Amino acid sequence: MDGREERRSPADPAALQVDASGRAVRRLEYGGGSFGRFTWMLDFDAADRLLASAQVRTEARFNAVRAGIGQDELLRTLGRPSNVRGLSFQKQNVWSWRYDSPFCQWFQVGVGYDGRVVDTSYGPDPLCDDDGPGLSLMRGPGRWR
């Protein structure tokens, strides 16, 4: 890249990235599925050949997130979160990702005001709460109560 080219944020659908081998790849991020529980990442080389594809909202990927990584790496790994909310007392924002799980939970990451991951956890998805605004919409056939 020569500085004149547009550079997008890592979360943009067509962000230019550098992979582990140091080559430039174009990454497309497609979120979807019911209630946004899936995100596909597609990596293409300069000739627009597909290099890799992965559904990234998985517990294996979530469990690989470690304290100290930056929010750009977090976005490259998991894609855009389903929800972001601030916790001013703890001086962090909580990013939450819905994913396909029989336990109606979501993965949450505390991102400090410095842009680094502080902690991670799994918690109940508020859309599954009988008293919440989702009115148990996430529960479908075979879903845990």
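**Exercise 1.** Which residues in H2 are buried? Establish how they sit around the helix axis and what they pack against.

*Solution.* The structure is a predicted model.
Step 1. Leu 74, Leu 75 and Leu 78 are the buried residues to list for H2.
Step 2. They lie on the same side of H2, because the arc they cover around the axis is only 95°.
Step 3. An α-helix has 3.6 residues a turn, so residues three or four places apart point the same way.
Step 4. The packing partners of the buried residues of H2 are strand E3 (38–44), helix H1 (59–64), E6, E7 and strand E8 (117–124).
Step 5. Just past the end of H2, Gly 79 has a positive phi of about 80°.

**Exercise 2.** Describe the largest nonpolar core and place Val 65 in it.

*Solution.*
Step 1. The core has 13 residues, and those touching the most other members are Val 65, Leu 74, Leu 78, Trp 97, Phe 107 and Val 109.
Step 2. At least two residues of this core come from each of helix H2 (71–78), E6 and E7.
Step 3. Set aside the neighbours of Val 65 within four places in sequence; its contacts are then Leu 74, Leu 78, Phe 107, Val 117 and Thr 120.
Step 4. As background, nonpolar side chains in soluble globular proteins tend to be buried together.

**Exercise 3.** Determine how E7 is covered and how it pairs with E6 and E8.

*Solution.*
Step 1. Count the buried residues of E7: eight of its eight residues qualify.
Step 2. Sort them by face. Gln 105, Phe 107, Val 109 and Val 111 are on one side, while Trp 106, Gln 108, Gly 110 and Gly 112 are on the other. Both faces are therefore covered, since buried means under 20% relative accessible area.
Step 3. Take the pairing with E6: it is antiparallel and has seven bridges. Within it, Trp 97 is opposite Phe 107 of E7.
Step 4. Take the pairing with E8, which is also antiparallel and is made by seven bridges. Here Gln 108 has Ser 121 in E8 as its bridge partner.
Step 5. Check the turns. The hairpin of E6 and E7 has six residues between the strands, with Cys 104 at a positive phi near 50°. The hairpin of E7 and E8 has four residues between them, and Gly 115 in that turn has a positive phi of about 85°.

**Exercise 4.** Is Ser 101 buried or exposed, and where does it lie?

*Solution.*
Step 1. Locate Ser 101: it is in the loop that links strand E6 (92–98) to strand E7 (105–112).
Step 2. Its relative accessibility is 4%, so Ser 101 counts as buried.
Step 3. A polar atom of the Ser 101 side chain is 3.1 Å from the backbone nitrogen of Phe 103.

**Exercise 5.** Characterise the pairing of E2 with E3, then summarise the whole chain.

*Solution.*
Step 1. Strand E2 (residues 24–32) runs antiparallel to E3, and the two are joined by seven bridges. Glu 29 faces Met 41 of E3.
Step 2. Five residues separate the strands of this hairpin, and Gly 33 in the turn takes a positive phi of about 80°.
Step 3. The chain contains two helices and eight strands, in the order β-β-β-β-α-α-β-β-β-β from the N terminus.
Step 4. The chain has 145 residues, of which 37% count as buried. Its accessible surface is about 8600 Å², with 52% belonging to carbon and sulfur atoms.
Step 5. Among contacts between residues at least 6 apart in sequence, 29% join residues at least 24 apart.

Definitions and conventions
Residues numbered from 1 in each chain as written. Predicted model: local features only at pLDDT ≥ 70, side-chain atom pairs only at ≥ 80, totals over all residues. Heavy atoms only, no water. Buried < 20%, exposed > 50% of the residue type's maximum accessible area, 1.4 Å probe, protein only. Polar contact = N/O pair within 3.5 Å; in protein donor to acceptor, adjacent residues only side chain to side chain. Core = buried A, V, L, I, M, F, W, Y, C linked by side-chain atoms within 4.5 Å. Contact = heavy atoms within 4.5 Å. Arc of directions from axis to C-beta. Pairing = 2+ DSSP bridges. Areas by Shrake-Rupley, 256 points an atom, 1.4 Å probe, with all protein chains shown as cover.
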